[in-house]
Amino acid sequence: MTEKNMDLGGVVVATTLAFREDAAAPAGLAVDYDKFGEHVDFLMSNGCRGVGPNGSLGEYSSLTDEERRKVIQVAVEAVDGRGIVIAGVHGVGSHQARKWAEISQEDGADGVLLLPPTLYRANEAEVIAHYQEVAKVGLPIMAYNNPFDTKVDLVPSLVAKLAEIPEVVAIKEFSGDVRRVYEIKELCDIDVIAGADDVLFELMVNGAVGWFAGYPNAFPKEAVELYNLCADGKWHEAKALYEQLVAVFRWDSRTEFVQAIKLSMDICGNSYGGPTRPPRGPLSAEQHAQVTADTERALAALAARQPVLA
């Protein structure tokens, strides 16, 4: 039986994936599993609750099946029991998503992140059937509402129907509509997880219990501090920290979010970002300059902070 109250409190990082140049690899870029494992260890060492490999930020759709599976294995090994691994199992159809859920279970993941059917604008009945099929695997499921990429909006009334599936324990909310937390909680008993970094504070104020995050790839220590301040109801302190980060966090909600976050990682210098595989190309000169400026401004503000007295 699925554990209904899986502890999702904390910062679960949707991990980026490191690549290295290799002419024989897809698009001339091979997955650098060593750097990926080091990055996961870096995140866990900075207090993150866990990691979410094979999400959009992990470029899952550009991976071969062999690469996609090994990413899960490396993540589980690198976390090494210090937290949770929530693997992305997104697929065009439920049979594909279920296969990835079964693989994730075999390889030690604690739960899965699941979009509605990708590449197809499913109706409500098809969305529910998709989640019901993946639920048969038995792992806890975090549903993922990303209406921008999937063209399917998991509105609160639909979330309530998904919550009737015992395995669906949480909803990653990426619509940007912070009002939805209240409506979802009025309709059903499900954990609402902040899914967009640039509305993290607002979603936490309204009752989100966790953060499935992108920019903490670059700022894990500060992200954990920000989450903990919110969770403890220290709203003034949380807002002051959030204001120093929100400009760079906005890149998490833009088309080039993967490239931007990887560039910020390289600027911060604590972990490797590097290139992206197609269809993602390099940032334009203007975008590169803006991400750099936003990241450096955040770093300067963080460096100037006064120590918080216990």
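## A strand under cover

A residue counts as buried when its relative accessible area is under 20%. Keep that cut-off in mind as you look at this predicted model, starting with strand S5, which spans residues 84-88. How many of the 5 residues in S5 are buried? The count is 5 of 5, so by the under 20% cut-off the strand is mostly covered.

Both faces of S5 get this treatment. Ile84, Ile86 and Gly88 sit on one side, Val85 and Ala87 sit on the other, and all of them are buried.

## The neighbours of S5

Strand S4 (residues 50-51) runs parallel to S5, and 2 bridges join them. Here valine 51 stands opposite valine 85. Add helix H2 (residues 65-79), and S4, H2 and S5 together make a right-handed β-α-β unit.

S5 also pairs with strand S6 (residues 111-114), again in parallel, through 3 bridges. Look for glycine 88 in S5: its bridge partner in S6 is leucine 113. With helix H3 (residues 94-106) included, S5, H3 and S6 make a right-handed β-α-β unit too.

## The largest pocket

Now for some open space. The largest pocket has a volume of about 830 Å³. Which residues lie nearest its centre? They are Ser56, Tyr60, Ser61, Asp149 and Arg280, out of a lining of 40 residues.

Helices H2 and H3 turn up again here: along with helix H5 (147-150) and strand S10 (210-213), each supplies at least two residues of the lining. As for the mix, the lining divides into 17 nonpolar, 13 polar and 10 charged residues.

Methods:
Residues numbered from 1 in each chain as written. Predicted model: local features only at pLDDT ≥ 70, side-chain atom pairs only at ≥ 80, totals over all residues. Heavy atoms only, no water. Buried < 20%, exposed > 50% of the residue type's maximum accessible area, 1.4 Å probe, protein only. Helix = DSSP H or I, 4+ residues; strand = E, 2+ residues; numbered from the N terminus. Pairing = 2+ DSSP bridges. Right-handed = clockwise from strand over helix to strand, strands pointing away. 1 Å grid on protein atoms, 1.4 Å probe; cavity = no way out; pocket = protein on both sides within 12 Å on 5 of 7 lines; lining within 4 Å. Points joined across faces, edges and corners; volume = space filled by probe spheres on them. Nonpolar A, V, L, I, M, F, W, Y, C, P; charged D, E, K, R; others polar.
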